[in-house]
Amino acid sequence: MKYISTRGQSPAKTFTEILLGGLAPDGGLYLPEQYPQVSRAELDAWRDLSYADLAFAVLSKFATDIPADDLKAILDKTYTAEVYSNGRADSDFSQITPLRKLDNNVYLLELSNGPTLAFKDMAMQLLGNLFEYALDKQHQELNILGATSGDTGSAAEYAMRGKRGIRVFMLSPNGKMSAFQRAQMYSLQDPNIYNIAINGMFDDAQDMVKAVSNDHAYKAAHKIGTVNSINWGRVSAQIVYYFKGYFAATKSNDEEVAFSVPSGNFGNICAGHIARMMGLPIGQLILATNENDVLDEFFRTGIYRPRGTAHTYETSSPSMDISKASNFERFVYDLVGRDGAKVREFWKKVDAGAAPDEAAFDIKHTDYWNALPKFGFASGKSTHLDRLKTIRELWEEYGVMVDTHTADGLKVGLEQRRPGLPLICLETALPAKFAETIREALGRESERPESMVGIEDLPQRVEVMDADVATLKAFISANV
Ligand SMILES: *Cc1c(COP(=O)(O)O)cnc(C)c1O
């Protein structure tokens, strides 16, 4: 299996060749040359597999240059009940992603029982083990540099802690995260994890990361890399739980289901799209946005209109506060019949940054619009008030507490699903991470897994730094 770029002008590479990198040299994103197909016989054979075995069955089709025994060992080590047992007290951790029945035909797929209580652990934990394996083979080291306002940074740190050959330098805005988020990250004492609290906002931290990454000589000399959401390894790991959720919600492979997915950078739902292209019987992929509705607008109108960071709202589902969706290009490549020239044309304007009310591209009066329905998408939008209402209803009707992002997915999923289809809502975080909104919705504290009780009292290890690139570079140089 080789990987090609969505912009059609980069040489084909193997899974391990693209694992540690980001964008393709032509600025595109990597995708398989063609999607591997899953036969009916395979689906039947996969139905009762454990999570780790199912992950092996799926990822064997993508990571074809990793010897089977090695891949199996990596997946067995990644998807264990110990790693994924930080979530709801009454969940069956042996399932890794247990399916919770809410109603006859409505389910919650628990993806948030990993170390940082968000679905990003599902892929990031695997990435940590794959990176360690690949770096070991190449006798290489990697220094991961990133900026975070919460979920991604902590998932990356918990995935990379203690890993040979890897250091993490994670910038966060000093004093801007919740006490819980700070405790989660800063209490890590592993010597290969460096938390740096920047005196400034998230954007200042992000700009510092960009400045270091644009200094190509420094970047190469210090082996600087990233783990952002366009990484193919992350997307491929997320395909697995669509299969797992499907098997758990159905009795036979003749049935179809709908998935609803709280979306930001389009990484999670892109994995669902690929599972569907592989042959998983997904009747509907329901994309939910918050007030930052750039993707909902596209699926309703055919207009893609990224807003720019100055026109992005801060909401109570902050992990979906995006101005443009970095993985969306992967789907558009399929939509335009895998025409790299067309993607280059569309993204010329996306990359240049159109004015906030200007479309980067519009497919309404093209054949692409007519082709869109066959990809099975529906979409909708949810606001702060919707979130509060959904959280309240779930709590009152089922005694289930959901976080703000999952609430967006539930609201839109229930609105958009085709009658008769079982609806599987992806749970992308646990409520403990967003305690303030839970308090507003329910007037009570959020449930917190036992492993997280009192983490605010643990000793913290963090370097406070002014938003100065030279200081950051000196700090990295002194520690690698
Ligand atoms: C990252 C994140 C999302 C958005 O996922 P994408 O893959 O970017 O679409 C949704 N909810 C939570 C809690 C997240 O952390």
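Me: What makes helix α12 (residues 294-301) mostly covered?

Reply: The count of buried residues. In this predicted model, 6 of the 8 residues of α12 are buried. Buried means under 20% relative accessible area, exposed means over 50%, and partly exposed lies in between (1.4 Å probe, protein chains only). The buried residues of α12 are V294, L295, D296, E297, F298 and F299. The helix itself is a DSSP run (H or I, at least four residues; strands are E, at least two), numbered from the N terminus.

Me: What covers the buried residues of α12?

Reply: The cover includes strands β10 (282-289), β11 (303-304), β12 (361-362) and β13 (377-381). It also includes helices α13 (328-335) and α15 (367-371). After α12 comes G302, with a positive phi near 85 degrees.

Me: Why is F299 called buried?

Reply: F299 has a relative accessible area of 10%. That is below the buried limit, so the label holds. This residue of α12 touches F266, L287, F328, F331, W369, L372, F377 and S379, leaving aside residues up to four places away in sequence. Touching is a contact, meaning heavy atoms within 4.5 Å. F299 and A478 are 179 residues apart in sequence, and their C-alpha atoms are 48 Å apart in space.

Me: How do you know whether D151 is buried or exposed?

Reply: Its relative accessible area is 8%, so D151 counts as buried. D151 lies in helix α6 (residues 151-160). Beyond four places in sequence, D151 touches A118, K120, Q181, S319, K433 and F434.

Me: What is notable about the phi of I96?

Reply: Phi is near 65 degrees, a positive value, yet I96 is not a glycine. I96 sits in the loop between α4 (68-78) and β3 (99-103). With a relative accessible area of 3%, I96 is buried.

Me: Why is K223 called partly exposed?

Reply: K223 has a relative accessible area of 36%, so it falls between the two limits. K223 also has a positive phi, about 50 degrees, although it is not a glycine. Its place is the loop between α9 (216-221) and β8 (224-225).

Me: What radius of gyration does the protein chain have, and what would a compact globule have?

Reply: The chain has 21 Å, and a compact globule of 480 residues would have a value near 23 Å, so the two agree. The radius is taken over C-alpha atoms, and the globule rule is 2.2 Å times the number of residues to the power 0.38. The C-alpha trace spans about 60 × 55 × 50 Å along its principal axes. Of the 480 residues, 60% count as buried. Among contacts between residues at least 6 apart in sequence, 75% join residues at least 24 apart. The chain has 19 helices and 15 strands.

Me: What lines the largest cavity?

Reply: I18, G21, G22, Y30, I230, N231, W232 and R330. The structure holds 1 cavity of 30 Å³ or more, and the largest has a volume of about 30 Å³. A cavity is a set of points on a 1 Å grid over the protein atoms alone where a 1.4 Å probe fits but cannot get out; lining residues have an atom within 4 Å of a point. The volume is the space filled by probe spheres set on the points, which are joined across faces, edges and corners.

Me: How do you know the numbering and the limits of the model?

Reply: Residues are numbered from 1 along each chain as its sequence is written. Local features need pLDDT of at least 70 and side-chain atom pairs count only at pLDDT 80 or more, while totals for chains, interfaces and linings use all residues; side-chain values use heavy atoms, without hydrogens and water.

Technical notes:
1 Å grid on protein atoms, 1.4 Å probe; cavity = no way out; pocket = protein on both sides within 12 Å on 5 of 7 lines; lining within 4 Å.
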